[in-house]
Amino acid sequence: MAGSDKMGKTENGIKEEPKSKQNVLQSTQTVIHQALGKLGYSDEMFELMKEPLRMMTVRIPVRMDDGSNKIFTGYRAQHNDAVGPTKGGVRFHPNVSETEVKALSIWMSLKAGIVDLPYGGGKGGIVCDPREMSFPEVERLSRGYVRAISQIVGPTKDIPAPDVFTNSQIMAWMMDEYSRMREFDSPGFITGKPLVLGGSHGRESATAKGVTICIREAAKKKGLNVEGARIVIQGFGNAGSFLAKFMFDAGAKVVGISDVYGGLYDPEGLDIDYLLDRRDSFGTVSKLFKDTISNDELLELDCDILVPAAIENQITESNADRIKAGIIVEAANGPTTIEATKMLSDRGVLLVPDVLASAGGVTVSYFEWVQNNQGFYWEEEEVAKKLEKVIVTAFDNVYRVASVRNVDMRLAAYMVGVRKMAEASRFRGWI
Ligand code: NAD
């Protein structure tokens with residue numbers, strides 16, 4: 001099975017890393033290498049940045065509801081803490097792998113650099129399928145993970161958050177476990193918490209808000225009016241569903257949406273409020289309809305703006321030529337390969353890369369952490385105003401670097417993203 005894109009098992013029963021995950025890490029390293037080169041940094045700096053500084057693998061025993069014991073594998077990666085504590089979500093998914101967690105931690109460093117937060121990147125994950133587990137089992141697993149990684153995390157060391165298939169309830173259990181271990185209330189240990197436990201207004205929809213701002217700014221550059229524009233969104237989970245709602249409310253025509261099972265298409269625009277009402281908590285809605293299209297067809301629909309908001313490696317060499325959108329805004333992490341990025345940019349497609357477009361979540365997570373540390377909480381309008389300023393500034397910075405240095409938006413974003421981390425590493429005397 002080596003090289004297969006499916007999670008295979010080797011002869012000794014250990015899961016292999018699928019090739020797509022290795023590609024995602026290698027592509028990230030390639031662009032970091034280019035970005036550091038453009039900024040005049042040596043290969044030694046690249047050696048420092050190409051992998052996380054720390055990578056912890058843990059085994060978590062969990063008592064299942066039927067009385068059996070199951071051992072889960074989890075990871076926590078801390079990419080670079082030169083700028084400040086590391087920060088990044090925890091993913092619960094059967095396909096979580098060491099390579100994926102590493103790549104995601106590097107992206108978090110880049111995002112923090114792009115939106116100028118005092119953080120480095122971190123990421124965690126557990127190989128599990130919460131869709132097949134009971135609530136109490138997920139709670140025991142979440143608490144077990146915190147106990148397993150407790151030595152390397154904390155409000156001034158590494159601050160977790162939600163990611164795929166984790167939510168505010170899971171953050172609440174994790175915060176409670178950490179606080180019990182430390183014997184003091186520690187809301188700043190984790191972000192994405194419920195409001196009553198020190199969560200921030202606007203956190204749940206923050207990623208989609210950031211994507212919405214990037215769509216608006218990209219549309220301005222292309223002379224396109226968002227009102228009436230035709231938008232296709234792949235993925236109807238946290239990021240995709242809030243985004244569909246924001247776009248629908250802004251008067252755009254959301255002509256296509258999809259989930260893991262397939263897509264829905266209506267050239268006149270879908271009724272997003274109706275679909276939001278029918279979707280389940282895992283972002284599934286297409287199964288309720290007979291007349292569906294495939295995810296491959298969805299990506300190639302005739303539209304003005306395409307937003308991949310599901311998984312990685314969706315736009316590749318094999319379909320980039322057939323993408324019709326003039327603007328692509330990446331809400332998902334790693335949906336477009338390097339080769340496809342080049343093909344699209346050469347064609348004049350304005351591609352707003354993941355590390356910029358999806359940075360709204362970590363930005364409001366930062367606001368949540370600041371509020372926890374100062375014990376004073378902001379109103380929703382204040383969060384929205386601050387987020388708007390951060391994302392617009394980041395978009396302008398990246399767009400300017402792309403124009404001035406004549407590079408595509410992904411390379412420009414990486415240049416902005418690594419600069420502060422590289423400078424901080426040098427001031428600390430690491431390189
Ligand atoms: P989610 O789990 O809430 O939703 C994922 C959606 O994608 C669901 O609708 C699911 O059915 C669909 N999907 C899953 N596999 C698919 C496949 N093979 N083909 C098509 N659709 C598929 O996840 P989310 O939180 O919305 O995250 C989506 C993406 O955005 C991920 O790449 C994530 O890393 C990225 N992201 C999310 C946030 C956030 O705050 N939620 C922040 C930054 C980046």
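## Two domains, a ligand and some salt bridges

The C-alpha centres of domain 1 and domain 2 sit 28 Å apart. Keep in mind that this is a predicted model. Domain 1 runs over residues 51-186, and domain 2 covers 206-348. Here's a quick tour of how the two domains touch, what surrounds the ligand, and where the charged pairs come in.

**Where the domains meet**

- Seven residues from domain 1 and four residues from domain 2 make the contact.
- Putting the two domains together buries about 490 Å², and carbon and sulfur atoms give 59% of that area.
- On the domain 1 side, Trp-107, Arg-131 and Phe-165 lose the most area to domain 2. Together, these three residues account for 58% of what that side buries.
- As for polar links across the interface, one residue pair is found in polar contact, with both residues at pLDDT 80 or more.
- Salt bridges don't feature here: the count between domain 1 and domain 2 is zero.
- Helix H3 (residues 98-114) supplies four residues, the largest share of the domain 1 side that touches domain 2.
- Sorted by class, that side of domain 1 has three nonpolar and four charged residues, and no polar ones.

**Around the ligand**

- The ligand is surrounded by 24 residues. The closest are Thr-207, Asn-238, Ala-239, Gly-283 and Asn-333.
- Asn-238 comes in through its backbone, with an N or O atom 2.9 Å from an oxygen atom of the ligand.
- Gly-283 also offers a backbone N or O atom, this one 2.8 Å from a ligand oxygen.
- Asn-333 uses its side chain: a polar atom there lies 2.7 Å from an oxygen atom of the ligand.

**Salt bridges**

- Side chains of opposite charge can pair when their charged atoms come close.
- Searching the whole structure turns up 28 salt bridges.
- One pair to look at is Asp-65 with Arg-140, whose closest N and O atoms are 2.8 Å apart.
- That salt bridge links distant parts of the chain, since its two residues are 75 residues apart. Asp-65 sits in the loop between strand E1 (54-63) and strand E2 (69-78), while Arg-140 belongs to helix H4 (residues 135-149).

How values were computed
Residues are numbered from 1 along each chain as its sequence is written. This is a predicted model: local features need pLDDT of at least 70, side-chain atom pairs count only at pLDDT 80 or more; totals for chains, interfaces and linings use all residues. Side-chain values use heavy atoms; hydrogens and water are left out. Domain bounds come from an automatic or database domain assignment. Contact means heavy atoms within 4.5 Å. Buried area is the accessible area (1.4 Å probe) that two parts lose on being put together, summed over both. A salt bridge is a side-chain nitrogen of Lys or Arg within 4 Å of a carboxyl oxygen of Asp or Glu. A polar contact is a pair of N or O atoms within 3.5 Å; within protein, one must be able to donate a hydrogen and the other to accept it, and residues adjacent in sequence count only if both atoms are side-chain atoms. Ala, Val, Leu, Ile, Met, Phe, Trp, Tyr, Cys and Pro count as nonpolar, Asp, Glu, Lys and Arg as charged, and the others, Gly among them, as polar. A residue is near a molecule or strand if one of its heavy atoms lies within 4 Å of it.
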